[in-house]
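Hi everyone, thanks for making time for this. Could you get the sequence and the model up on your screens, so we can look together?

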Amino acid sequence: ACRALHALGPQAVLLKGGSKWRGAAGDAEGDDCYDMFYDGGEAVERFSSPMVDTRNTHGTGCTLSSAVAAGLAKGMETREAVVAAREYVYGALLKSAPLRVGKGAHGPLNHGHAIEGSD
(Lines give C-alpha, C1' and ligand atoms only; values in the text may rest on other atoms or scores of the structure.)
Protein backbone atom coordinates (compact mmCIF):
# COMPACT_ATOMS: atom_id res chain seq x y z
CA ALA A 1 0.00 0.00 0.00
CA CYS A 2 2.86 2.41 0.82
CA ARG A 3 4.47 1.88 -2.58
CA ALA A 4 1.15 2.28 -4.41
CA LEU A 5 0.40 5.55 -2.62
CA HIS A 6 3.95 6.76 -3.21
CA ALA A 7 3.53 6.11 -6.93
CA LEU A 8 0.76 8.74 -6.93
CA GLY A 9 3.37 11.43 -6.30
CA PRO A 10 4.02 12.26 -2.63
CA GLN A 11 7.58 12.52 -1.37
CA ALA A 12 6.86 10.04 1.42
CA VAL A 13 4.03 7.94 2.83
CA LEU A 14 3.26 7.15 6.46
CA LEU A 15 0.51 4.59 7.07
CA LYS A 16 -0.69 4.71 10.66
CA GLY A 17 -1.58 1.23 11.73
CA GLY A 18 -1.74 1.54 15.49
CA SER A 19 -3.85 -1.17 17.03
CA LYS A 20 -5.24 -2.17 13.62
CA TRP A 21 -2.00 -4.06 12.89
CA ARG A 22 -1.52 -5.24 16.44
CA GLY A 23 -0.16 -8.76 16.66
CA ALA A 24 0.18 -9.30 12.92
CA ALA A 25 0.20 -12.96 11.90
CA GLY A 26 3.58 -14.57 12.41
CA ASP A 27 4.86 -11.72 14.57
CA ALA A 28 6.33 -12.63 17.93
CA GLU A 29 5.67 -9.10 19.19
CA GLY A 30 1.91 -9.42 19.49
CA ASP A 31 1.59 -6.47 21.85
CA ASP A 32 3.20 -3.91 19.55
CA CYS A 33 1.55 -1.38 17.27
CA TYR A 34 2.93 -0.66 13.81
CA ASP A 35 3.20 2.23 11.40
CA MET A 36 4.67 1.86 7.91
CA PHE A 37 6.91 4.49 6.25
CA TYR A 38 8.12 4.73 2.66
CA ASP A 39 10.09 7.50 1.01
CA GLY A 40 10.93 5.88 -2.32
CA GLY A 41 13.91 3.88 -1.08
CA GLU A 42 14.32 0.15 -1.46
CA ALA A 43 12.33 -0.95 1.57
CA VAL A 44 9.16 0.00 3.39
CA GLU A 45 10.18 0.69 6.99
CA ARG A 46 8.07 -0.63 9.84
CA PHE A 47 8.08 1.34 13.08
CA SER A 48 6.79 -0.41 16.18
CA SER A 49 5.86 0.72 19.67
CA PRO A 50 4.56 -1.23 22.64
CA MET A 51 0.80 -1.15 23.03
CA VAL A 52 -0.34 1.28 25.73
CA ASP A 53 -3.25 0.13 27.87
CA THR A 54 -5.45 3.24 27.76
CA ARG A 55 -8.92 4.22 26.61
CA ASN A 56 -7.61 7.71 25.78
CA THR A 57 -6.76 7.23 22.13
CA HIS A 58 -9.01 9.84 20.53
CA GLY A 59 -6.99 12.04 18.21
CA THR A 60 -3.91 9.87 17.70
CA GLY A 61 -3.99 10.20 13.90
CA CYS A 62 -4.56 13.96 13.91
CA THR A 63 -1.86 14.41 16.53
CA LEU A 64 0.60 12.25 14.59
CA SER A 65 0.08 14.14 11.33
CA SER A 66 0.27 17.53 13.08
CA ALA A 67 3.47 16.54 14.87
CA VAL A 68 5.04 15.38 11.58
CA ALA A 69 4.06 18.71 9.98
CA ALA A 70 5.54 20.62 12.93
CA GLY A 71 8.80 18.70 12.60
CA LEU A 72 8.98 19.44 8.89
CA ALA A 73 8.27 23.13 9.59
CA LYS A 74 11.21 23.12 12.03
CA GLY A 75 13.47 21.87 9.23
CA MET A 76 13.65 18.17 10.10
CA GLU A 77 14.12 15.58 7.38
CA THR A 78 10.95 13.58 6.73
CA ARG A 79 12.04 10.38 8.49
CA GLU A 80 13.35 12.37 11.46
CA ALA A 81 10.02 14.22 11.73
CA VAL A 82 8.12 10.92 11.65
CA VAL A 83 10.30 9.41 14.38
CA ALA A 84 9.90 12.51 16.59
CA ALA A 85 6.13 12.59 15.98
CA ARG A 86 5.75 8.93 16.88
CA GLU A 87 7.70 9.51 20.11
CA TYR A 88 5.45 12.46 20.95
CA VAL A 89 2.25 10.44 20.38
CA TYR A 90 3.62 7.49 22.34
CA GLY A 91 4.41 9.81 25.27
CA ALA A 92 0.94 11.31 25.05
CA LEU A 93 -0.59 7.83 25.19
CA LEU A 94 1.54 6.83 28.19
CA LYS A 95 0.67 9.99 30.12
CA SER A 96 -3.02 9.74 29.24
CA ALA A 97 -3.41 6.17 30.52
CA PRO A 98 -4.36 7.12 34.11
CA LEU A 99 -6.64 10.00 33.07
CA ARG A 100 -10.42 9.66 33.27
CA VAL A 101 -11.60 12.47 31.02
CA GLY A 102 -14.00 12.78 28.14
CA LYS A 103 -17.22 10.95 27.42
CA GLY A 104 -17.82 7.97 25.20
CA ALA A 105 -15.61 5.03 24.39
CA HIS A 106 -12.38 6.99 23.90
CA GLY A 107 -10.97 9.93 25.82
CA PRO A 108 -8.38 12.39 24.50
CA LEU A 109 -4.61 12.11 24.50
CA ASN A 110 -2.60 14.06 27.06
CA HIS A 111 -1.24 16.70 24.68
CA GLY A 112 0.49 18.55 27.51
CA HIS A 113 2.72 15.63 28.41
CA ALA A 114 5.82 17.20 26.85
CA ILE A 115 5.56 20.37 28.95
CA GLU A 116 7.97 20.23 31.87
CA GLY A 117 6.12 19.74 35.13
CA SER A 118 2.86 18.63 33.52
CA ASP A 119 2.64 15.43 35.58
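I'll start with the overall layout, then go through two helices, a pocket and the cysteines.

So, first thing to keep in mind: this is a predicted model. The protein has 3 helices and 3 strands, and if you walk along from the N terminus, the elements go α-β-β-β-α-α. There are 119 residues, and 31% of them are buried.

Let's zoom in on α2, which covers 60-73. It's 14 residues long, and from its first C-alpha to its last it reaches 20 Å, close to the 20 Å you'd expect at 1.5 Å a residue. Which residues of α2 are buried? They are Thr60, Thr63, Leu64, Ala67, Val68 and Gly71. Now look down the axis of α2: those buried residues fall within an arc of 135 degrees, so they line one face of the helix. Turn to the other side of α2 and you'll find Cys62 and Ala73, which are exposed. And just after α2 there's Gly75, with a positive phi of about 95 degrees.

Okay, next helix. α3 runs over 78-96. Its 19 residues should span 27 Å at 1.5 Å a residue, and the end C-alpha atoms are indeed 27 Å apart, so that agrees. The buried residues here are Ala81, Val82, Ala85, Arg86, Val89, Gly91, Ala92, Leu93 and Ser96. Yes, there's an arginine in that list: Arg86 counts among the buried ones.

After α3 comes a segment that holds Ala114. Is Ala114 buried or exposed? It's exposed, because its relative accessibility is 57% and the cut-off for exposed is over 50%. Try finding Tyr88 as well: Ala114 and Tyr88 sit 26 residues apart in the sequence, and their C-alpha atoms are 7.6 Å apart in space.

Now for some empty space. Rolling a probe the size of a water molecule over the atoms shows where such space is left. I picked the second largest pocket, which has about 160 Å³ of space. Who lines this pocket? Gln11, Ala12, Val13, Leu14, Phe37, Leu64, Ser65, Val68, Leu72, Thr78 and Val82 do. Of the lining residues, 8 are nonpolar, 3 are polar and none is charged. β1, α2 and α3 each put in at least two residues, and α2 gives the largest share, with 4. You've met some of these names already: Leu64 and Val68 are in the lining, and they're also among the buried residues of α2.

Last stop, the cysteines. How many disulfides does the structure hold? The count is 0. As a reminder, a disulfide is a covalent bond between the sulfur atoms of two cysteines. Take Cys2 and Cys62 as a pair to look at. Cys2 is buried, with a relative accessible area of 4%, whereas Cys62 is exposed, at 57% relative accessibility.

That's my tour, so over to you for questions.

Conventions:
Residues are numbered from 1 along each chain as its sequence is written. This is a predicted model: local features need pLDDT of at least 70, side-chain atom pairs count only at pLDDT 80 or more; totals for chains, interfaces and linings use all residues. Side-chain values use heavy atoms; hydrogens and water are left out. A disulfide is a pair of cysteine sulfur atoms within 2.5 Å. Buried means under 20% relative accessible area, exposed over 50%, partly exposed in between (1.4 Å probe, protein chains only). On a 1 Å grid over the protein atoms alone, a cavity is a set of points where a 1.4 Å probe fits but cannot get out, and a pocket is an open set with protein on both sides within 12 Å along at least five of seven lines; lining residues have an atom within 4 Å of a point. Grid points are joined across faces, edges and corners, and a volume is the space filled by probe spheres set on the points. Ala, Val, Leu, Ile, Met, Phe, Trp, Tyr, Cys and Pro count as nonpolar, Asp, Glu, Lys and Arg as charged, and the others, Gly among them, as polar. The expected span of a helix is 1.5 Å times one less than its number of residues. The arc is that of the directions from the helix axis to the C-beta atoms.
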